[in-house]
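Hello,

Here is the structure I promised to pass on to you. Have a look at it first, and then read my notes below with the model open beside you.

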Amino acid sequence: FLYFFIVTNLIGPSQYGLLSLGLSIYETITISTSSINNALIKYISEKKQKGYLNESIKTNTIISIIAAFLLFILSDKISYVLNQPISPLIKLVGLFLIVSVIKETISNAILGSSEIKYYAINETISCILKLIIVVIIITKVRNAFGVLAAYTLATFLAILVSVWFIKKIKFNLEPINKTGLYSYSRSFFII
C-alpha cells in the first residue's frame with residue numbers, strides 16, 4: 001500500500017502507467033510458471049521431495065528464458081504495436097521475468113514445506129529489499145525503467161535469501177512423479 005504511493009509520487013502517473021504496462025506483460029507470461037508453482041506447493045506439502053523443487057525450477061527457468069529471449073527480440077515490435085517508447089523496458093521485463101520466476105518457485109517450495117515461519121520471514125525480507133532498493137534507485141532515476149531495474153536487483157537479492165531458507169528445510173531424495181506434477185499444473189493453466 002505505502003509502496004504504491006511512494007513509487008507513484010516519485011516517478012509520476014505516466015511513468016507508473018508505463019511500468020504497469022511492462023508488468024502486465026510479465027504477469028501474462030507467468031501464468032504458465034504460476035501453474036507449475038501451484039503444483040509444486042501441493043507435491044512438496046504431500047511428499048517433501050526435493051526433486052519437485054528441482055524439476056519446477058528447471059521447467060520454470062526454461063520457460064522464462066525462452067519468454068525473455070522472445071521479449072528481447074520482439075521488444076521493438078511490441079513497443080510499436082502499443083505505440084509507446086518502451087522497447088528497453090520490455091527487454092528489462094525479460095530479465096526481471098527470469099529472476100522473479102526463480103525467486104517465486106523457491107518461495108513456493110518453502111510455502112509447500114509447511115515451514116511458514118521461513119516463508120513469512122523470506123517474503124518480508126523480499127518486500128523490504130524491494131522497497132529500500134526502489135526508493136534508492138528512483139531518487140536517481142525517476143522513471144519506469146529505474147523502478148523495474150530496482151525490482152530486478154531486489155528480486156535477485158531475494159533469491160539469495162530464499163536459497164538460504166530452502167537449505168534449512170529437510171527434503172527426502174526419493175524419485176518424483178513428473179507426470180503428476182505437470183498434469184496437476186495443467187489444471188491451473190486452463191483455469
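**What I found**

Of the 191 residues in the protein, 44% are buried. Please keep in mind as you read that this is a predicted model.

Let's begin with the overall build. The protein has 6 helices and 0 strands, so the pattern along the sequence reads α-α-α-α-α-α. The radius of gyration is 17 Å, close to the 16 Å that the globule rule gives for 191 residues, so the protein is as compact as a globular protein of that length. If you draw a box around the C-alpha atoms along the principal axes, its sides come to roughly 50 × 35 × 25 Å.

How do distant parts of the chain meet? Take the contacts between residues at least 6 apart in sequence: 79% of them join residues at least 24 apart.

Next, the outside. About 10,100 Å² of the protein is exposed, and carbon and sulfur atoms supply 68% of that area. As for charges, there are 17 positive and 8 negative ones, and their mean positions lie 5 Å apart.

Now for the inside. In soluble globular proteins, nonpolar side chains tend to be buried together. Here the largest nonpolar core has 28 residues, and those with the most contacts inside it are Val 7, Leu 19, Val 134, Val 147, Leu 148 and Tyr 151. At least two residues of this core come from each of α1 (2-47), α2 (50-82), α3 (87-112), α4 (116-138) and α5 (144-166). Which helix gives the largest share of this core? It is α1, with 9 residues.

Leu 148 is a good residue to click on. Leaving aside residues up to four places away in sequence, Leu 148 touches Leu 19, Leu 23, Leu 89, Leu 92, Val 93 and Phe 96. There is also a second, separate core of 18 residues, which includes Ile 106, Ile 110, Phe 171 and Leu 181.

Another residue to find is Ile 133, in helix α4. Is Ile 133 buried or exposed? Its relative accessible area is 11%, so Ile 133 is buried, the cut-off being under 20%. Beyond residues up to four places away in sequence, Ile 133 touches Ala 150, Leu 153, Ala 154 and Leu 157. Ile 133 and Ala 150 are 17 residues apart along the chain, yet their C-alpha atoms are separated by 5.7 Å.

Finally, take a look at two of the loops. In the loop between α3 and α4 you will find Ser 113, which counts as buried at 4% relative accessibility. Not counting residues up to four places away in sequence, Ser 113 touches Ile 44, Lys 48 and Ile 169. Ser 114 is also placed in the loop between α3 and α4, but Ser 114 counts as exposed, at 53% relative accessibility. The phi angle of Ser 114 is near 70°, a positive value in a residue other than glycine.

Asn 83 sits in the loop between α2 and α3. Its phi is near 55°, again a positive value in a residue other than glycine. With 65% relative accessibility, Asn 83 counts as exposed.

Enjoy exploring, and write back with any questions!

Best wishes

Terms used
Residues numbered from 1 in each chain as written. Predicted model: local features only at pLDDT ≥ 70, side-chain atom pairs only at ≥ 80, totals over all residues. Heavy atoms only, no water. Helix = DSSP H or I, 4+ residues; strand = E, 2+ residues; numbered from the N terminus. Rg over C-alpha atoms; globule rule 2.2 N^0.38 Å. Buried < 20%, exposed > 50% of the residue type's maximum accessible area, 1.4 Å probe, protein only. Contact = heavy atoms within 4.5 Å. Areas by Shrake-Rupley, 256 points an atom, 1.4 Å probe, with all protein chains shown as cover. Lys, Arg positive; Asp, Glu negative; His and termini not counted. Charge placed at Lys NZ, Arg CZ, Asp CG, Glu CD. Core = buried A, V, L, I, M, F, W, Y, C linked by side-chain atoms within 4.5 Å.
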